[in-house]
Structure formats: structure tokens, C-alpha cells
Amino acid sequence: MSDSPVTPPPAPLPESAPTPPTPPAPAGPHGPGRWIATGAALLTALATAALVLAWNGQQRVKSLESELVKRQQDSGAQAAEARLLARQAQEGTRDAAAKLALLEARVAETTLQRTQVEDLIQSMARSRDENVLADVEAAIRVALQQSAITGSAEPLVTTLKQADERLARYAQPRLERVRRAVAQDLDRARAAGATDVPLLSLRLDEVIRQIDELPLLSAVDRRPGGRLPSAARPAASAASGATGWADALEGRWRSLLDPIWDEARALVRVTRIDMPEAMLVAPEQAFFLRENLKLRLLNARLALLSRQFDIAQSDLRDAQSALERYFDRGSRRVSAALDSVRQIATQARTVTVPRPDATLAAIAAAAAGR
């Protein structure tokens, strides 16, 4: 027992480290000591491996931390750059919005100006058409008044022709209906005709100048046209070529008796009288008869010039009646005057001027926009 080595007591371990188990004393050279050494070596290896692992983990944690810090810094830089870009984008968006608003305002202003210009152009075109229609209507109404005063359709025809030419120059589809109506009324006005008052006045003046030369029924120098004068009968008898003393004696007696016979016949005259009052006109009244007839014809002439055809017809009838009653209708000059008065009375008639109702209605419809 004394030969066995005394094992010193183990040194006290710190409280934090675990107390290793006390290996049993080896029983021999290959006893418990070997196992203790082996266990200690194993523990040392495990501790070393743990330390290595801990150190490696710590290194990895440090590297991860440094990586995280780096990434965090990169993220911060990127975030700052992103904020800067966002700020710049916001400012650009704000500028773009301001420019867009300005462009929209200019576009709206341009659109408004374009609308105003279009309205102005339409208003000008409409105003021009309305002015044309107003001028045409006023001209037609004035022509109607002139035709009513003169009794002739010529002023209306001229005005409608000018209106048709004016509408043709514009060539507006809106005015085509008015132009067709003008053409229709123009044809109607041309078909109405007109009274040639200047020509009728000249013919009346010619008849008035002939009144003093027309023979009256009561004239003393009227001779029947069926018998030869006495001076012509002996000449005719002498021209017969009769010979002999009997014919010569007969001719001598005729030359003595025929003048006596003619004088006796001049004392008594037999005439057929259809109107006895014509023969009762005294020679001094013939002057007043002719002057009264002239006044009738002058009144008819004035009535024609003033377009009073009813009064002209009445005066012409009275003049015709006077010519037939008091003047010798067997005279060629009286017959010519009667024919002239009859023709003037036939031509002196009232011309009904047609109203351009179709044109006026078309103008009213075009002015109303229908």
C-alpha cells in the first residue's frame, strides 16, 4: 500500500467551468489513467472544435454584419438617390403639368377664336345673303309701284331681270329657290305685254291736226259725186264724134240751156240725211264743233299719258261719235281719222301687271332660314 503513489488533490476549478469527474485511479499500467487522459484529450479536442466553431461563427457574424452595414449604406445611398430622382421627377411632373395647363389654355383660346371666326364668317355670309334678299325685295316693291303708276309691266320686267343676274353672280344654293321664282315671275311679266303710250299720243296729235281740214255734213261746198259738171258734158258730147247739122244745132242749144239748168239745180238740192241735227249746225258753230272735238282728243291724250285708260276710252268714244255724226264719212280724210280713233281706242287698254308673289314668298322663306 505504501508503494502506491499518492495522488495529489486536484486544484480547485473556477465556478464557471464545470468540474470534470475525477477519474478513478488506474488499477494498473493500463488502468483508469489511460481513460482519463483519453477523455481529457477528447474534451480538449471538443473544446478546441467548439472554440473554432465559435470563432468561425463570430467571424461569419462579423462578415454578415459588415455586409449588412454595407448593404444598408448602399440602400441608404440608393434611397437618397431615389428620393432625389423622385424629387426631380416630381418637379418635372409639376413643370409638365404647368406646361400642359398652359397648352390646354392656349388650345382652348385657339378653339374659341376659331369658333368666333367661323361664327363671324357665317354671320358675314348670312348677312350678305340677307342684304341681297333685302335689296332684291325693295327693288321689286319699287318696280311694282312704278308699274302701278305707269300701267306698264316694263319696270317690273327690268327689275326682275336685274335681280336674276345679281343672284346668278352669287351662286348660293340657299338662293336657288329665289332665282327660280324670279324666272317664273319674269316670264309672267313678259307675257303681260304693255301699251305703247308714246305712239298712241303721236297718232292722236296727227288726228288733232287734221280736224280743221275735215269736211262737215253742213258744209255748203258739198257736191254729189255721181254727176259731171255742165262744162264737162258739152265736151263729152263733142267728143262723141257726131256729125251733121242736127248734132251741131243740138250742141248749140245745149251750150245755151245747160248753164241755165245748172243754176236752177243749184237753187234746190236733195240730199239723204241720216242725222238731221248735223245739218242744223250753223257755219259760225262749226268752229266751236271742231274746237270741242280737239278738246276731247286732247283730254284723251292727257288721260293716256296719266295712265287713266277709262277716261281715255270715254273721250275717244265721244270723239268717234262726233266724227260719225257731224263730219262727212264719204270723205277719205274723215274715214282715215275715224279709223285712227278706233285703233287708238282698241289699243288704249289697261294692262294688268302680274304681282311677283312667287318671288316675294321665296325671299321671305329664304330670309327665315327655311
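Which residues does Leu 293 touch, not counting residues up to four places away in sequence? The list is Ile 211, Ala 319, Ala 322, Leu 323 and Phe 327, where contact means heavy atoms within 4.5 Å. We'll come back to Leu 293 after a look at the whole chain.

## The model as a whole

This is a predicted model, so local features need pLDDT of at least 70 and side-chain atom pairs count only at pLDDT 80 or more, while totals for chains, interfaces and linings use all residues. Residues are numbered from 1 along each chain as its sequence is written, and side-chain values use heavy atoms, with hydrogens and water left out.

The chain has 11 helices and 0 strands. Helices (H or I, at least four residues) and strands (E, at least two) are DSSP runs, numbered from the N terminus. Of the chain's 370 residues, 23% count as buried; buried means under 20% relative accessible area, exposed means over 50%, and partly exposed is in between (1.4 Å probe, protein chains only). Take the contacts in the chain with a separation of 6 or more: 75% of them come from residues 24 or more positions apart.

## Where to trust it

pLDDT is the predictor's confidence in each residue, from 0 to 100. Its mean over the chain is 75, and 74% of the residues reach 70 or more. Confidence is highest in helix H10 (residues 332-347), at a mean of 87, and lowest in helix H5 (residues 232-238), at 42. Over residues 25-29 the pLDDT is below 50, and this stretch has 5 contacts in the model beyond near neighbours in sequence. Residues 220-242 also stay under 50, and for them the model has 15 contacts beyond four places in sequence. Where pLDDT is low, the predicted coordinates should not be read in detail.

## Helices H9 and H10

Let's start with H10. At 1.5 Å a residue, its 16 residues should span 22 Å, and the end C-alpha atoms are 23 Å apart, which agrees. The expected span is 1.5 Å times one less than the number of residues. The buried residues of H10 are Val 334, Ala 337, Leu 338, Ser 340, Val 341, Ile 344 and Ala 345. They sit on the same side of H10 because they cover an arc of only 160° around the axis, taken from the directions from the helix axis to the C-beta atoms. Turned away from that buried side is a face carrying the exposed residues Arg 332 and Thr 346. At the start of H10, a side-chain oxygen of Ser 331 comes within 3.5 Å of the backbone nitrogen of Arg 333.

Helix H9 (residues 309-326) has 18 residues that should span 26 Å at 1.5 Å a residue, and its end C-alpha atoms are 25 Å apart, which agrees. Its buried residues include Phe 309, Leu 316, Gln 320 and Tyr 326. Gln 320 also gives us a link to H10: its C-alpha atom is 9.7 Å from that of Ser 340. Leaving aside neighbours within four places in sequence, Ser 340 is in contact with Arg 203 and Val 207.

## Back to Leu 293, and on to H11

Leu 293 lies in helix H8 (residues 283-305). At 3% relative accessibility, Leu 293 counts as buried. Two of the residues that Leu 293 touches, Ala 319 and Leu 323, are among the buried residues of H9.

Helix H11 (residues 357-367) holds Thr 359, along with Asp 357 and Ile 363. Thr 359 is buried, with a relative accessible area of 0%, and Ile 363 is buried at 2%. Asp 357, at 43%, counts as partly exposed. Beyond four places in sequence, Thr 359 touches Ile 140, Leu 160, Ala 181, Val 182 and Asp 185. With the same sort of neighbours left aside, Ile 363 is in contact with Leu 133, Val 136, Glu 137 and Val 178.

Here are some pairs that lie apart in sequence, with their C-alpha distances.

| Pair | Apart in sequence | C-alpha to C-alpha |
|---|---|---|
| Leu 293 and Ser 321 | 28 residues | 10.0 Å |
| Asp 357 and Asp 185 | 172 residues | 7.9 Å |
| Ile 363 and Ala 134 | 229 residues | 8.2 Å |

## One aromatic pair

The structure holds 1 aromatic pair. Phe 287 and Phe 288 form it, edge-to-face, at 5.5 Å centre to centre with 75° between the planes. Rings of Phe, Tyr and Trp (its six-membered ring) pair if their centres lie within 6.5 Å; planes under 30 degrees apart count as stacked, over 60 as edge-to-face and the rest as tilted. Phe 287 and Phe 288 are both exposed.

Terms used: Polar contact = N/O pair within 3.5 Å; in protein donor to acceptor, adjacent residues only side chain to side chain.
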